[in-house]
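Visitor: Hi, got a minute to walk me through this one?
Guide: Sure, pull it up and we'll go through it together.

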Number of protein chains: 2
Amino acid sequence: MKIEEEIKQTAFRNEYHKAYINLLYTSNFLQQEHGSMLKPFGITSPQFNVLRILRGQYPKPATVSLLIERMLDKTSNASRIVDKLEAKELVTRKQCPNDRRTVDVLITEKGLDLLKQLDALDNDNKSGGIYNLTEDETRELNRMLDKIRD
Amino acid sequence: MKIEEEIKQTAFRNEYHKAYINLLYTSNFLQQEHGSMLKPFGITSPQFNVLRILRGQYPKPATVSLLIERMLDKTSNASRIVDKLEAKELVTRKQCPNDRRTVDVLITEKGLDLLKQLDALDNDNKSGGIYNLTEDETRELNRMLDKIRD
DNA sequence: TGCAAATATATGTACATACATTTAATGTAC
DNA sequence: GTACATTAAATGTATGTACATATATTTGCA
């Protein structure tokens, strides 16, 4: 559906304004879809992102700083997301002996298992959303998005 | 900066995955920029969006349902955003006499003034962000985003 | 050495989001 | 015209975001 119909606005100031709204709206759309996919598994989207970063490091631990550096939303509160993951026993947290200011966060077996389940789902789901684009369009989209943030 | 450098990830599973992350990241980037522009004026981004919808209706009032229908994030909580705007005297709220379930929300003079100030800022700021694209690119971006949500 | 600056994480607060539930008013079927 | 479903808005609760501040530790340098 065209963005005009989605938010029932017939006219935008110009093509740029429309693209701006469209970008935000589409991002929300994708995040909500992803969120409802994760819901049955008892984690939220930010929690999932942190788990994936931790798997990328595994079997090494990650510090909270490293998580912040790699999270999509840099200003979010990594400490509290790790709190939630720790409560679900998907990660462990212990003070690092070398530098007692930092904390070693490590994904658990349970966390790795959960991600494995979700990987399987992802592989079965290569249609819709971003997959509506051709590979060429996807490359073009990446180029334009990088340009927007320049 | 390329998305790989932004989140310090050297490899993505494929171009689609990269575009997905890039879309979410760029949307956050734009929203944060916009949020800090609004901050000195004492309103948040969702509050601003509601004000704009109300100006679009002015001098007619809008119901909360209409706000939800037109908001970028459909699942957000319009009632509570209107609470905040009412506390700042940017909108008024009164029960509708025809249908006593609904509420008439109306932007105040103070609200209209605030938007006018922000309009001026917007006009002085037609560079950077989405304006890094050419107009052709912008049309192409709109087309691709609509396709993603199909 | 001693002490200020820098760093790593955690905490506090206001606001927003996601989603379930509640309350009140209206519409509709019988 | 009463009973039940529907609709509109508000409220409750858990989580996340944005930003300021606090606490502990380490670093660096006078």
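What follows is a short chat about the two protein chains and the DNA strands.

Visitor: Before I trust any distances, what kind of model is this?
Guide: It's a predicted model, so take the distances below as computed from that prediction.

Visitor: OK. How is chain A laid on chain B?
Guide: By a turn of 180° with a shift of 0.0 Å along the axis, which gives an RMSD of 0.1 Å. The two copies are therefore related as by a two-fold rotation axis.

Visitor: And which surface serves the copies?
Guide: The same one in both: 100% of the contact residues of chain A recur in chain B.

Visitor: Now the DNA. How many residues surround strand C?
Guide: There are 26 of them around DNA strand C, and the closest are S65(A), S79(A), R80(A), T44(B) and T75(B).

Visitor: What part of strand C comes within 4 Å of the protein, by atoms?
Guide: Sugar or phosphate makes up 75% of those atoms, and the rest belong to bases.

Visitor: Which side chains have an N or O atom by a phosphate oxygen of strand C?
Guide: Among them is T75(B), at 2.3 Å. S79(A) has a side-chain N or O atom 2.5 Å from a phosphate oxygen of that strand, and for D73(B) the distance is 2.8 Å.

Visitor: Which elements give two or more residues to that surface?
Guide: From chain A, α4 (64-70) and α5 (78-87); from chain B, α3 (45-57) and α5 (78-87). The largest share, three residues, comes from α5(B).

Visitor: What's the surface near strand C like by class?
Guide: Twelve polar, ten charged and four nonpolar residues.

Visitor: Switching to strand D, which residues come nearest?
Guide: T44(A), T75(A), S65(B), S79(B) and R80(B), out of the 26 residues around DNA strand D. Of the strand D atoms that come within 4 Å of the protein, 75% are sugar and phosphate.

Visitor: Which side chains sit by a base atom of strand D?
Guide: R80(B) is one of them: a polar side-chain atom lies 2.4 Å from a base oxygen of strand D. R80(A) has a side-chain N or O atom 3.3 Å from a base nitrogen of strand D.

Visitor: And a phosphate oxygen on D?
Guide: S79(B) has a side-chain N or O atom 2.5 Å from one.

Visitor: Last one: where does the largest share of the surface near D come from?
Guide: From α5(A), with three residues. By class, the surface near strand D has four nonpolar, twelve polar and ten charged residues.

Notes
Residues numbered from 1 in each chain as written. Chains lettered and ligands numbered in written order. Predicted model: local features only at pLDDT ≥ 70, side-chain atom pairs only at ≥ 80, totals over all residues. Heavy atoms only, no water. Least-squares fit on C-alpha atoms with pLDDT ≥ 70 in both. Contact = heavy atoms within 4.5 Å. Near = heavy atom within 4 Å. Polar contact = N/O pair within 3.5 Å; in protein donor to acceptor, adjacent residues only side chain to side chain. Helix = DSSP H or I, 4+ residues; strand = E, 2+ residues; numbered from the N terminus. Nonpolar A, V, L, I, M, F, W, Y, C, P; charged D, E, K, R; others polar.
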